[in-house]
Amino acid sequence: MSRYTVQITNGTTTDDEGTIGYDRPLRTFFLQAFPDPETDECALWLGAFLEEYPTLESIIEAARTQGYEVRGLTKEMMLAMLKEAGPPHPPSLGERLGIVR
């Protein structure tokens with residue numbers, strides 16, 4: 001699983017410790033930002049389900065439709081995540097057994 005720190009803004013507030021990456025077992029990109037100081041629940045949490053965001057573009061666009069912008073994503077970060085997401089991943093044992101869908 002890759003994980004990179006980026007800046008996430010929603011127009012009025014900024015989280016300098018947002019996280020973007022690729023989750024290989026779920027075969028999805030993920031994005032997290034704005035954790036609640038008491039519960040640690042994130043106001044923005046995308047990519048928690050199997051194949052939810054199969055491309056980097058799809059997760060960036062999903063964040064934008066919710067009013068968030070991702071900043072600080074470097075070419076190196078993007079290439080590393082795309083490389084990790086690139087090779088096809090066979091279904092996990094849980095998927096083969098019907099536990100994960």
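**Sheet, helices and buried rings**

Reader: Is Lys83 buried or exposed?
Author: This is a predicted model, and Lys83 has a relative accessible area of 67% there. The cut-off for exposed is over 50%. By that rule, Lys83 is therefore exposed.

Reader: Which helix holds Lys83?
Author: Helix α2 covers residues 75-85. The number 83 lies in that range. So the element that holds Lys83 is helix α2.

Reader: Which residues of α2 are buried?
Author: Burial here means under 20% relative accessible area. In α2, the residues that count as buried are Met77, Met81, Glu84 and Ala85.

Reader: Why do the buried residues of α2 line one face of the helix?
Author: An α-helix has 3.6 residues a turn, so residues three or four places apart point the same way. Look down the axis of α2: the buried residues line one face because they fall within an arc of 95°.

Reader: Which exposed residues sit on the face of α2 turned away from its buried side?
Author: Lys83 has already come up as exposed. That face carries Lys83 together with two others. The exposed residues there are Lys75, Glu76 and Lys83.

Reader: What covers the buried residues of α2?
Author: Helix α2 lies across β1, β2 and β3. Those strands are part of the cover, and a helix is too. The cover includes β1, β2, β3 and α1.

Reader: At about what angle does α2 run to β1?
Author: The helix lies across β1, β2 and β3. Against β1, its direction is at about 130°.

Reader: What separates the C-alpha atoms of Lys83 and Tyr22?
Author: Along the chain, Lys83 and Tyr22 are 61 residues apart. In space, their C-alpha atoms are separated by 9.9 Å.

Reader: What pattern does the protein chain follow along the sequence?
Author: The chain has three helices and five strands. Read along the sequence, they give β-β-β-β-α-β-α-α.

Reader: In what order do the five strands lie in the sheet?
Author: Strands of a sheet pair through backbone hydrogen bonds, either parallel or antiparallel. This sheet is open, and its pairing is antiparallel. The edge strands are β4 (42-46) and β5 (69-71), each pairing on one side only. The order is β4-β3-β2-β1-β5.

Reader: Which residue of β5 is the bridge partner of Ile8?
Author: Strand β1 (residues 2-9) runs antiparallel to β5, and three bridges join them. The partner of Ile8 in β5 is Val70.

Reader: Which residue of β4 is the bridge partner of Ala33?
Author: Strands β3 and β4 run antiparallel, joined by four bridges. Their hairpin has six residues between the strands, and Asp40 takes a positive phi near 70° in it. The partner of Ala33 in β4 is Leu44.

Reader: Which residues does Gln32 touch?
Author: Gln32 is in strand β3. At 15% relative accessibility, it counts as buried. Leaving out residues up to four places away in sequence, Gln32 touches Arg3, Gly18, Thr19, Cys42, Leu44 and Trp45.

Reader: At about what angle does helix α1 run to β3?
Author: Helix α1 spans residues 56-65. The strands it lies across are β2 (14-23), β3 (28-35), β4 and β5. Against β3, α1 runs at about 30°.

Reader: How many aromatic pairs are there?
Author: Rings pair if their centres lie within 6.5 Å. By this rule, the count is two.

Reader: What kind of pair do Tyr22 and Phe29 form?
Author: Both residues are buried. Their rings are 4.9 Å apart, centre to centre, with 65° between the planes. Planes over 60 degrees apart count as edge-to-face. The pair is edge-to-face.

Reader: What kind of pair do Phe34 and Tyr68 form?
Author: Their ring centres are 5.8 Å apart, with the planes at 40°. Phe34 is in strand β3 and Tyr68 in the loop between α1 and β5, so the pair links distant parts of the chain, 34 residues apart. Phe34 counts as buried at 15% relative accessibility, and Tyr68 does at 11%. By its plane angle, the pair is tilted.

Reader: What radius of gyration does the protein chain have?
Author: The chain has 101 residues, and 37% of them count as buried. A compact globule with 101 residues would have a radius of gyration near 13 Å. The chain's value agrees with that: 14 Å.

Methods
Residues are numbered from 1 along each chain as its sequence is written. This is a predicted model: local features need pLDDT of at least 70, side-chain atom pairs count only at pLDDT 80 or more; totals for chains, interfaces and linings use all residues. Side-chain values use heavy atoms; hydrogens and water are left out. Two strands pair if DSSP finds at least two bridges between them. Contact means heavy atoms within 4.5 Å. Axes are lines fitted to C-alpha atoms, for helices over the stretch in contact, and angles run from 0 to 180 degrees between N-to-C directions. Buried means under 20% relative accessible area, exposed over 50%, partly exposed in between (1.4 Å probe, protein chains only). The arc is that of the directions from the helix axis to the C-beta atoms. Rings of Phe, Tyr and Trp (its six-membered ring) pair if their centres lie within 6.5 Å; planes under 30 degrees apart count as stacked, over 60 as edge-to-face and the rest as tilted. The radius of gyration is taken over C-alpha atoms; the globule rule is 2.2 Å times the number of residues to the power 0.38.
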